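Please look at the model shown here and follow the path below, which begins with a single residue and widens step by step to the whole chain.

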Amino acid sequence: MIKRNLLMAGLAAAALGFGAFGAQAAIELHNTVTGEPLNLDDAGPEGRDTEAFKQFLETGKNPYNKEPNCLANGEQLFLSMCSGCHGHVAEGKIGPGLNDNYWTYPDNNTDKGLFETIFGGASGQMGPMYGAVNPDQMLQIMSWVRHLYKDGVEDANWLDDADKANFKPYDGHSHAPKPDPAKTPEACKPSE
Ligand code: HEC
C-alpha cells in the first residue's frame, strides 16, 4: 500500500511536469512554438538548485531582475551566447531585437515566456539553449536582456508597480555596474 501511494505521488508529480524538482515547481513550462511541456531534465545538473531558480519555479518571476550584482555576469553570458545573433545590445541582427516592445511571441514580455524561449528555443536558428547555459545562467541573461530594454515602461510586463515607478530605459551603450563581491550570489560569480 505504501509503495502504491509512493508510486501514485510519483506519477502525479511526473504528470505535472515537476520531474526532479519535487513539489517546488508551481509553474508549468512549455515550448514557445509547439506548446509541448519542457523537460527541465534536459539541462545538466548545474544551476538547478540555486535560490533564484527555485524561486523562479515557484513564482514565474525572475529574482535577478532585482539583483544588480548579477548584471555583469548576465552581460558576459549574453555577449558570448546571444549577441552574435541578436546584436551587441540586443538591437537585432539575424535574430530579432530583444530590447524593444515588439515580440514575435508576445509571452516573451513575461519572465516565464522569456525563459521558455531561451530554454526550449523557437524556430530556425533559435535553438534550445539548455545545452549551452544552465537554468540559473538563463535567469542572469534574462535580467541583462531586461536591463537593455529601451521602450515604454507601460509594455514592460515583467516589472511590478514599484519597479515601474523607478524604471529608466537603457541608455544604449553602458556596461553592467561592477558587482560587489560580498553581495553577489554565488551563482552569479563568473565561472573559471
Ligand atoms: C544562432 C543564432 C541565435 C542565437 C545564438 C540565439 N538566438 Fe535567439 N533567435 C534567433 C532567431 C533567428 C530568432 C527568431 C526565431 C523565431 O522567430 O522563431 C530568435 C528568437 C529569439 C527570441 C524570441 C523573440 C521574439 O520576438 O519573440 C528570444 C527571446 C531569443 N531569441 C533570445 C535569445 C537569447 C537570450 C539567446 C542567448 C542565450 C539567443 N536568443 C541566442 C537566433 C539566435
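L71 counts as buried because it has 23 C-beta neighbours inside 10 Å, the rule being that a residue is buried if 20 or more other C-beta atoms lie within 10 Å of its own, exposed if 12 or fewer, and partly exposed in between, with C-beta atoms placed from the backbone. This is a predicted model, in which local features need pLDDT of at least 70 and side-chain atom pairs count only at pLDDT 80 or more, while totals for chains, interfaces and linings use all residues. Residues are numbered from 1 along each chain as its sequence is written.

L71 is found in helix α3, where helices (H or I, at least four residues) and strands (E, at least two) are DSSP runs numbered from the N terminus. Leaving aside its neighbours within four places in sequence, L71 is in contact with S143, W144, H147, A176 and P177; two residues are in contact if their C-beta atoms, placed from the backbone, lie within 7 Å. Along the chain L71 and Q140 are 69 residues apart, yet their C-alpha atoms are separated by 6.8 Å.

Q140, for its part, lies in helix α6 and is buried, with 28 other C-beta atoms within 10 Å. Beyond the neighbours within four places in sequence, the contacts of Q140 are Y64, C70, N73, G74, L77 and C188. One of these partners, C70, is 70 residues from Q140 in sequence and 6.4 Å from it in space, C-alpha to C-alpha.

Helix α6 itself covers residues 135–147, 13 in number, and reaches 19 Å from its first C-alpha to its last, close to the 18 Å expected at 1.5 Å a residue, where the expected span is 1.5 Å times one less than the number of residues. Because 13 of the 13 residues of α6 are buried, this helix is largely enclosed by the rest of the structure.

How do the other helices meet it? Helix α3 (residues 71–81) and α6 have axes that come within 8 Å and cross at roughly 95 degrees; axes are lines fitted to C-alpha atoms, for helices over the stretch in contact, and angles run from 0 to 180 degrees between N-to-C directions. That makes α3 roughly perpendicular to α6, since angles of 65 to 115 degrees count as roughly perpendicular, those under 35 as roughly parallel, those over 145 as roughly antiparallel and the rest as oblique. On the α3 side the contact is made by L71, N73, G74, E75, L77, F78 and M81, and on the α6 side by Q137, Q140, I141, S143, W144, V145 and H147. The residues of this contact of α3 with α6 divide into seven nonpolar, six polar and one charged, with Ala, Val, Leu, Ile, Met, Phe, Trp, Tyr, Cys and Pro taken as nonpolar, Asp, Glu, Lys and Arg as charged, and the others, Gly among them, as polar.

Helix α2 (residues 51–59) packs with α6 at an angle of about 80 degrees, their axes being 9 Å apart, and α2 and α6 are therefore roughly perpendicular to each other. Here A52, F53 and F56 in α2 meet P135, D136 and L139 in α6, and by class this contact has five nonpolar, no polar and one charged residues.

Finally, the protein chain as a whole has seven helices and zero strands. Of its 192 residues, 31% count as buried.
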